[in-house]
Amino acid sequence: MKSRRDFLRQVSASTLTLASVAVAAEAATNSPPASKQLRVALVGLGSYAERVATAMKSCTLAKLTGAVTGTPAKADKWAKDFGLNKANIYSYQNFEDLKNNPDIDAVYITLPNSMHHEYVLRAAKMGKHVICEKPMSVSVKQAQEMIAACKAAGVKLYVGYRMHFEPYTRELIRMRQTGELGKIMHVNAYFGFKSGDPNQWRLKKALAGGGALMDVGIYCINAARYATGEEPVWISAEESKTDPVKFKEVDETITWQMGFPSGAIAACATTYNFNNFERLYVVGEKGFVELSPAYGYGPIKGRTHKGEMSWDTSKMHQTWQMDGMANAILNGGPDFNATGEEGLRDMKIIEAIYQSIAANGKKIKLV
Ligand code: NAD
């Protein structure tokens, strides 16, 4: 059982670490006027867009006001389900008309991976802030162009790194930053699942860019970076494929290692071939954090050298994320590094992993 002291310590840590994200939560009973909310249009109304839209119903600083879809039936359904004004629902053909819509401040790209680049560039050109799903792009070059386009247009670019906003991950980062874990020695990160439909876009290179690594391995890359606070200096990787027909175009299972300047090593893995594979274990000289599940929609669970972790799991990650991003854009609040630059760093590592695989596991140096 937790002592009162433990409880107070936790409340106080929670108040400190989540203060900025909680700006939104505190406003729950007192929603700001529409002019003080970030009004967002989702682009590509698939399964993730639906999750984001549902989560945004509980946001206070962000509000869903528009959508872009190629399917007229979806326009009707979304207008009904999410209370959208039909005039704010666009097709891919008249996407640019959104430019002059005063009800939309930002667009959120939830299209297949290889389409992110084109739509981020088009959104930036319209002067709208952009949130783009992970992986940000399918190449380093594309990611650089997306950052440059948003910079030139004077708009913000965020990547849908929802973990950066949810309480367990924030606590892990806080413990690392304050030195509670001591010098970080090792990270073990893995995430994967058994991929279903063999005809889905995720298995087509032209749309997905890559397989498990691009889709969910990216969480492990990102986690190893926020767990150490460092950028890797070398990488080595291996791939294994048990079903070369289904995974003809994209990777199935990859394991890789990353070395950091401090000497810390991350051992990581990702797969499209089996379930129950999701954990982040961070070991420092003074303590540890283990999150498992660590990257899925939750509830995230965890323990540290101090005992079980217990944080707010009542909100969807995307609610934290969208209120957090709105707070960053509207009020200059913290962006928790969920920026285009963060996405670019992950893309550089993804390319290095594929490079190592192509060279039979050769150690690739990163500058
Ligand atoms: P999905 O297949 O459910 O949705 C994709 C949408 O894009 C559909 O509405 C589809 O109609 C539309 N689309 C437009 N052009 C298309 C084309 N040429 N081919 C296929 N679809 C096309 O996929 P999803 O799971 O919603 O994933 C969308 C994006 O969101 C991906 O980049 C994915 O990585 C990301 N995602 C992120 C998370 C997260 O937790 N952050 C979770 C799931 C997906």
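Me: What covers the buried residues of helix α5?

Reply: First, a heads-up: this is a predicted model, where local features need pLDDT of at least 70, side-chain atom pairs count only at pLDDT 80 or more, and totals for chains, interfaces and linings use all residues. Residues are numbered from 1 along each chain as its sequence is written, and side-chain values use heavy atoms, leaving out hydrogens and water. Helix α5 spans residues 116–125, and 7 of its 10 residues are buried (under 20% relative accessible area; exposed is over 50%, partly exposed in between, with a 1.4 Å probe and protein chains only). Going by contact (heavy atoms within 4.5 Å), the cover includes β1 (38–43), β4 (106–109), β5 (129–132), α6 (140–153) and β6 (157–159).

Me: Which residue just after α5 takes a positive phi?

Reply: Helices here are DSSP runs of H or I with at least four residues, strands are E runs of at least two, and both are numbered from the N terminus. Ala-123 and Ala-124 are among the buried residues of α5. Just after this helix, a positive phi of about 80 degrees is taken by Gly-127.

Me: How many residues of β1 are buried?

Reply: Look at both faces of the strand. Leu-38, Val-40 and Leu-42 point one way, Arg-39, Ala-41 and Val-43 point the other way, and all are buried. For β1, that makes 6 of its 6 residues.

Me: Which residue of β2 stands opposite Leu-42?

Reply: Strands pair if DSSP finds at least two bridges between them. β1 and β2 (residues 62–68) pair in the parallel sense over 6 bridges. Opposite Leu-42, you'll find Ala-67.

Me: Which are the edge strands of the open sheet of 9 strands?

Reply: The sheet has mixed pairing and runs in the order β14-β13-β12-β11-β7-β10-β9-β8-β15. Inside that order, β9 (253–259) and β10 (265–271) pair in the antiparallel sense over 7 bridges, with Gln-257 opposite Ala-267. The strands that pair on one side only are β14 (307–308) and β15 (364–365).

Me: At about what angle does helix α9 run to β7?

Reply: Axes are lines fitted to C-alpha atoms, for helices over the stretch in contact, and angles run from 0 to 180 degrees between N-to-C directions. Helix α9 (212–228) lies across β7, β9, β10 and β11. Its angle to β7 is about 160 degrees.

Me: Why does the largest nonpolar core lie between two domains, and which are they?

Reply: A nonpolar core is a set of buried Ala, Val, Leu, Ile, Met, Phe, Trp, Tyr and Cys residues joined through side-chain atoms within 4.5 Å. The largest has 108 residues, with Trp-256, Leu-280 and Ile-353 making the most contacts inside it, and α9 gives the most to this core, 11 residues. The core lies between the domains because both give residues to it: domain 1 (27–162) and domain 2 (164–312 + 338–365).

Me: Which three residues supply 36% of the area that domain 1 buries against domain 2?

Reply: The domain bounds come from an automatic or database domain assignment, and 21 residues of domain 1 are in contact with 27 residues of domain 2. Together the domains bury about 2100 Å², 62% of it on carbon and sulfur atoms (buried area is the accessible area, 1.4 Å probe, that two parts lose on being put together, summed over both). On the domain 1 side, the three that supply more than any other three are Val-140, Tyr-161 and Arg-162.
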